[in-house]
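Please open the model in your viewer and keep the selection tool at hand, since this tour moves from one selection to the next.

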Amino acid sequence: MLKDAIKFILEPITNIANRFYLESYYKEISKENSLIDIDSMIATVNRALIISPHQDDESIGVGGTILKMKKKGINVDIVYVTDGRLDENDFNNSKIRLEEAAEVSKIYEFEKSFVLNFINKTLLDNVEIVAESMAKKVDFEKYDAIFLTGPYECNDDHFAVYKAVQRLVERCKTKENVQFYLYDINNSIQGKALNCISKLNKEELEKKWEAYNIFKSQKYITFSTLKIMDIKKLKVDRNFEQNKYKGAEIFSMLNKNEFIAKGNYDDKFRYKLHTATSSIRLIRYMESNKKYRSLMK
């Protein structure tokens, strides 16, 4: 209770500093790369798959883009890899998290929703089992675009999902011309890895934030800070239209061969990264993580 009270008092104050910091942070990233607008890439997509390690990752990383795809008539499915349990018998938390996800699904209007029922923080020790479970539940060959977390994440579950899908791709379980979009949660994609942006209009951004508000059980992430990040990510695009767009999501976009090539990627630095989703620790950890920007390939 005391911790919650302190957070309630400090959060608005720290977010004032976060606004100024994130403005310069994403402007600095914008100097490095030219970006592809995702609108041009999804124009030919018929069906997309969102792979979400936990309930709410889909909203944080790709929520606005899901809404954008639905407006274009694209069928969007989702697979939740974990079921919200923190241990073997934590069915109460699982019930809450899955109910929140079901409520969020009304916003995104998913065609199909799958839950693989793994326990949080167990995926990295079970990558092969996760891959097999995905292959049994989901027909990957149906999808033109697949969105998932990447190898730049300090969170082991996020990283494990990437490794599991990589095994399926190596086993030819996907379309030959499938496009992959790695989204960020705990650690901002940057360096050479960042090559795609999804610019969100006011309606898309506000609906994404409606989803944030549903995940009341999330205690480890500060959604008010994520909202600032959603807005400031627009600064990655130096030429965005201010009157048209109000926020953005950023991706590492890869074709099948590029995705497989990530198997040789030296990801050891990710263990030195810290999550930057807390309002109080954001500046400290983003500055610390920035030294690894050139290693993101």
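Begin by selecting Phe118, which counts as buried because its relative accessibility is 12%, under the 20% cut-off for that word. Keep in mind as you look that this is a predicted model. Phe118 belongs to strand S4, which covers residues 113-118. If you now add Tyr80 to the selection, you will find its C-alpha 9.1 Å from that of Phe118, although 38 residues separate the two in sequence. Once neighbours within four places in sequence are left aside, the residues in contact with Phe118 include Val81, Thr82, Asp83 and Arg85, and also Leu123, Ile129, Val130 and Ser133.

Next, select helix H6, residues 156-170, whose 15 residues reach 21 Å from the first C-alpha to the last, close to the 21 Å expected at 1.5 Å a residue. Because 12 of these 15 residues are buried, H6 is largely enclosed by the rest of the structure; among the buried ones are Phe159, Tyr162 and Leu168. At the N-terminal end of H6, show the side chain of Asn155, which caps the helix with an oxygen 2.9 Å from the backbone nitrogen of Asp157. After H6 comes Cys172, which has a positive phi, near 60°.

Finally, go to Gln190, in the loop between strand S6 (179-183) and strand S7 (196-200). Gln190 is buried, with a relative accessible area of 3%. Which side chains make a polar contact with the side chain of Gln190? Show Tyr25, whose side chain makes such a contact at 2.6 Å, and then Arg293, whose side chain does so at 2.4 Å.

Definitions and conventions: Residues numbered from 1 in each chain as written. Predicted model: local features only at pLDDT ≥ 70, side-chain atom pairs only at ≥ 80, totals over all residues. Heavy atoms only, no water. Helix = DSSP H or I, 4+ residues; strand = E, 2+ residues; numbered from the N terminus. Buried < 20%, exposed > 50% of the residue type's maximum accessible area, 1.4 Å probe, protein only. Contact = heavy atoms within 4.5 Å. Polar contact = N/O pair within 3.5 Å; in protein donor to acceptor, adjacent residues only side chain to side chain. Expected span 1.5 Å × (residues − 1).
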